[in-house]
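Hi,

Here is the structure I promised to pass on. Have a look at it first, then read my notes below.

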Amino acid sequence: MSTTVTVTGMTCGCCTNKVRDKVGALPGVTGVEVDLAAGSVTIEGAAPDRTALADAVTAAGFQLAD
Ligand SMILES: [Cu+2]
């Protein structure tokens, strides 16, 4: 299954790489797709804990929206 969330503050490919690394390191996550233009992050695998996900996004330097 997959979960899509909105992340604000990403401006370029290095931003998407940071988000991909941090979110991809969460337990149960098997893949991460980042759409820079849309600001959407699609997470494959087990739906991550919301708090852990928000922390991972913050650690990457961005904000979890919605
Ligand atoms: Cu960047």
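Let's start with helix α2: T51 and T58 are exposed there (12 or fewer other C-beta atoms within 10 Å of their own, with C-beta atoms placed from the backbone). Before going on, note that this is a predicted model, where local features need pLDDT of at least 70, side-chain atom pairs count only at pLDDT 80 or more, and totals for chains, interfaces and linings use all residues. Residues are numbered from 1 along each chain as its sequence is written. Helices (H or I, at least four residues) and strands (E, at least two) are DSSP runs, numbered from the N terminus.

On the other side of α2, which spans residues 50-60, you'll find L53, A56, V57 and A60, which are buried (20 or more such atoms within 10 Å). Those four cover an arc of only 95° around the axis, so they sit on the same side of α2; the arc is that of the directions from the helix axis to the C-beta atoms. Why would that happen? An α-helix has 3.6 residues a turn, so residues three or four places apart point the same way. Their cover includes β1 (2-8), α1 (13-24) and β4 (63-64). After α2 comes G61, with a positive phi near 105°.

Now for V19: leaving out residues up to four places away in sequence, V19 touches V7, M10, V34, V41, V57, A60 and F62. Touching, or contact, is when C-beta atoms, placed from the backbone, lie within 7 Å.

Cheers

How values were computed
Two residues are in contact if their C-beta atoms, placed from the backbone, lie within 7 Å.
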